[in-house]
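Colleague: Please take a close look at one part of this model, its interior, and set out how it relates to the rest of the chain.

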Amino acid sequence: MEYQLQKDLDFIAFLKKIRQCRDEVWLLTDEEDVLNLKSALSQYVAVVLAERPEMLSGSRIRCGAEDAEVLREFLSMPIGGGEV
């Protein structure tokens, strides 16, 4: 499922929390880039993007329901409805 990120989130805390996720967590940008946030290189790129909030404004997170529960404090409502 895909989720929007909370506005003004602590991106470093978000990346640290991803370490607790069981499966892959993907960042999908408006420019159709797909970053696996469990990868150190992708995390580096994501941190650079997070320094410019307009770059992440339309981004979304794709992860499984179990991992969405782990990341709940950082995610908004799922895209397409439902609950986090």
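**The interior and its surroundings**

Modeller: Of the contacts (heavy atoms within 4.5 Å) in the protein chain between residues at least 6 apart in sequence, 62% join residues at least 24 apart. The model is predicted, with local features needing pLDDT of at least 70 and side-chain atom pairs counting only at pLDDT 80 or more, while totals for chains, interfaces and linings use all residues. Residues are numbered from 1 along each chain as its sequence is written, and side-chain values use heavy atoms, with hydrogens and water left out.

The protein chain has four helices and five strands, taken as DSSP runs numbered from the N terminus (helices H or I, at least four residues; strands E, at least two). From the N terminus their order is β-α-β-β-α-α-β-α-β. The radius of gyration, taken over C-alpha atoms, is 11 Å, close to the 12 Å that the globule rule gives for 84 residues, so the chain is as compact as a globular protein of that length. That rule is 2.2 Å times the number of residues to the power 0.38. Along the principal axes, the C-alpha atoms fill a box of roughly 30 × 25 × 20 Å. Of the 84 residues, 36% count as buried; buried means under 20% relative accessible area, exposed over 50%, and partly exposed in between (1.4 Å probe, protein chains only).

The part to examine is the largest nonpolar core, which has 20 residues. A nonpolar core is a set of buried Ala, Val, Leu, Ile, Met, Phe, Trp, Tyr and Cys residues joined through side-chain atoms within 4.5 Å. Phe-14, Val-25, Leu-27, Leu-37, Ile-61 and Leu-71 touch the most other members. Strand S1 (2-5), helix H1 (11-18) and helix H2 (40-50) are the elements that give two or more residues to this core. Helix H1 supplies the largest share, four residues.

Ile-61 shows how widely one member reaches. Leaving aside residues up to four places away in sequence, Ile-61 touches Met-1, Glu-2, Tyr-3, Leu-5, Phe-14, Val-25, Trp-26, Leu-27, Leu-28, Leu-37 and Leu-75. Leu-27 also touches Leu-56, a residue of helix H3 (residues 53-56). On the same count, the other contacts of Leu-56 are Phe-11, Leu-49 and Ala-50. Leu-56 is buried, at 12% relative accessibility. Between the C-alpha atoms of Leu-56 and Phe-74, which lie 18 residues apart in sequence, the distance is 14 Å.

Glu-2, one of the contacts of Ile-61, leads to the charged pairs. The structure holds five salt bridges, each a side-chain nitrogen of Lys or Arg within 4 Å of a carboxyl oxygen of Asp or Glu. One of them joins Glu-2 to Arg-60, with the closest N and O atoms 2.8 Å apart. Because Glu-2 lies in strand S1 and Arg-60 in strand S4 (residues 60-62), this pair ties together parts that are 58 residues apart in sequence. Glu-2 also pairs with Arg-62, here with the closest N and O atoms 2.6 Å apart. This second pair likewise links distant parts of the chain, strand S4 and strand S1, across 60 residues. Glu-2 counts as buried at 19% relative accessibility, whereas Arg-60 is partly exposed at 23% and Arg-62 partly exposed at 36%.

A further salt bridge joins Arg-72 and Glu-69, whose closest N and O atoms are 2.9 Å apart. Glu-2, Arg-60 and Arg-62, for their part, are joined into one network by salt bridges that share partners.

The surface offers a contrast to the core. Leu-41, Tyr-44, Val-45 and Val-48 form a nonpolar patch there, with about 410 Å² of accessible area together. For such a patch, nonpolar side chains (Val, Leu, Ile, Met, Phe, Trp, Tyr) of residues with over 30% relative accessible area and no salt bridge are joined within 5 Å. Val-48 belongs to helix H2, an element that also gives residues to the core, and is partly exposed at 45% relative accessibility.

Two loop residues complete the picture. Most residues other than glycine have a negative phi. Asp-8, however, has a positive phi of about 55°; it sits in the loop between S1 and H1 and is exposed at 81% relative accessibility. Glu-32 has a positive phi near 70°, lies in the loop between strand S2 (26-28) and strand S3 (34-36), and is exposed, with a relative accessible area of 72%.

How values were computed. Patches are made of residues with over 30% relative accessible area and no salt bridge: like charges are joined within 9 Å, nonpolar side chains (Val, Leu, Ile, Met, Phe, Trp, Tyr) within 5 Å. Accessible areas come from the Shrake-Rupley method with a 1.4 Å probe; for residues, only the protein chains shown count as cover.
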